[in-house]
Each structure stands twice: as C-alpha cells, then as structure tokens.
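Welcome to a short set of exercises on reading a protein structure. Have a look at the sequence and the 3D view, then try each task before you read its solution.

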Amino acid sequence: MICCTNTNTALYFSSIDEIPSETLKELGCLDNLYFNPKFLKSLEINHPKITFSYIILVDNLKNPIAFASLKIVDFHLKSIKDNFDFLKNIGRKLHLFP
C-alpha cells in the first residue's frame, strides 16, 4: 500500500523488487547490510504482516540521491498497555516515576 504517487523529487515503491538494481547500486545499497536488497527481500518474505515501503529521493536530473526503507507494523494497544503497566510499576519501585 503506497499512500503517495511518484513526484518530481521522490519515487515510491512497495517492494524491493520494483527498484531497478542500477539505482540501488548508485545509492550504495549493495555495500550496506541494512539496505542491501537481499536483506530487505528476506524481511519482506519472512514478515508478511508488515507493510514495506521504499522511497528514493531524486535530484533535478532524476539521479537518485537518497534511500529510505519504511516498515509499518500493526499492533494491539492492549498488549502495550499491559506491558506499560508492568514497566510503570517497576519504575515506581525504583523511584524513576512519581
């Protein structure tokens, strides 16, 4: 799910497979562990409930200048509230919270 369309300064992708390999090479993604397309593809495959989006910023000549990887994770507030109450109690016992 992409919330935006391509603009004059940014390109939006919903899968790492959609990005041309030459673009990833120009951005240095092949030499970066966390932006390497193989790593990003393995995340996509192994986490089907996460929504992945990628943004590439381009200059006036349409040359890629920056890369961003976004991951949207759905979660239930009840589980966070339960964990927060537990942490809040510990914080009070350690005198970190009033």
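**Exercise 1.** In which helix does Thr 23 lie? Then decide whether Thr 23 is buried or exposed.

*Solution.* Before starting, keep in mind that this is a predicted model. Step one: find Thr 23 in the structure; Thr 23 belongs to helix H1. Step two: look up the relative accessible area, which is 16% for Thr 23. Step three: compare this with the cut-off, as buried means under 20%. Thr 23 is therefore buried. Step four: look for partners beyond four places in sequence; Thr 23 is then in contact with Ile 56 and Pro 64.

**Exercise 2.** Work out how many helices and strands the protein chain has, and describe their order.

*Solution.* Start by counting: the protein chain has three helices and three strands. Next, walk along from the N terminus, and you will read the elements as β-α-α-β-β-α. Now add the overall picture: of the 98 residues in the protein chain, 23% are buried. Finally, consider contacts with a separation of 6 or more: 49% of these are between residues 24 or more positions apart.

**Exercise 3.** Which residues of helix H2 are buried, and how are they arranged around the axis of H2?

*Solution.* First, list the buried residues of H2 (residues 37–46): Pro 37, Leu 40, Leu 43 and Glu 44. Second, look down the axis of H2: these buried residues fall within an arc of 125°, so they line one face of the helix. A general rule helps here: an α-helix has 3.6 residues a turn, so residues three or four places apart point the same way. Third, turn to the other side of H2, where Lys 38, Ile 45 and Asn 46 are exposed. Fourth, ask what covers the buried residues of H2; the cover includes helix H1, E2 and strand E3. Last, check the start of H2: there, a side-chain oxygen of Asn 36 comes within 2.9 Å of the backbone nitrogen of Lys 38.

**Exercise 4.** Describe the surroundings of Tyr 54, and find what joins the side chains of Tyr 54 and Glu 44.

*Solution.* Begin with the location: Tyr 54 sits in strand E2 (residues 51–58). Its relative accessible area is 0%, so Tyr 54 is buried. Then look beyond the neighbours within four places in sequence: the contacts of Tyr 54 include Leu 11, Phe 13, Ile 19, Leu 40, Glu 44 and Phe 67. With Glu 44, there is a polar contact of 2.7 Å between the side chains. Glu 44 is one of the buried residues of H2. Finally, compare sequence with space: Tyr 54 and Ile 16 are 38 residues apart along the sequence, while their C-alpha atoms are 7.3 Å apart.

**Exercise 5.** Is Leu 87 buried or exposed, and which residues make a nonpolar surface patch together with Leu 87?

*Solution.* Leu 87 is part of helix H3 (residues 77–93). The relative accessibility of Leu 87 is 51%, and the cut-off for exposed is over 50%. Leu 87 therefore counts as exposed. Together with Phe 86, Ile 90, Leu 94 and Leu 96, Leu 87 makes a nonpolar surface patch of about 540 Å².

**Exercise 6.** Place Ile 50 in the chain and name its contacts.

*Solution.* Ile 50 is in the loop between H2 and E2. At 23% relative accessibility, Ile 50 is partly exposed. Leaving out neighbours within four places in sequence, its contacts are Lys 71, Ile 72 and Val 73.

Definitions and conventions:
Residues are numbered from 1 along each chain as its sequence is written. This is a predicted model: local features need pLDDT of at least 70, side-chain atom pairs count only at pLDDT 80 or more; totals for chains, interfaces and linings use all residues. Side-chain values use heavy atoms; hydrogens and water are left out. Patches are made of residues with over 30% relative accessible area and no salt bridge: like charges are joined within 9 Å, nonpolar side chains (Val, Leu, Ile, Met, Phe, Trp, Tyr) within 5 Å. Accessible areas come from the Shrake-Rupley method with a 1.4 Å probe; for residues, only the protein chains shown count as cover. A salt bridge is a side-chain nitrogen of Lys or Arg within 4 Å of a carboxyl oxygen of Asp or Glu. Helices (H or I, at least four residues) and strands (E, at least two) are DSSP runs, numbered from the N terminus. Buried means under 20% relative accessible area, exposed over 50%, partly exposed in between (1.4 Å probe, protein chains only). Contact means heavy atoms within 4.5 Å. A polar contact is a pair of N or O atoms within 3.5 Å; within protein, one must be able to donate a hydrogen and the other to accept it, and residues adjacent in sequence count only if both atoms are side-chain atoms. The arc is that of the directions from the helix axis to the C-beta atoms.
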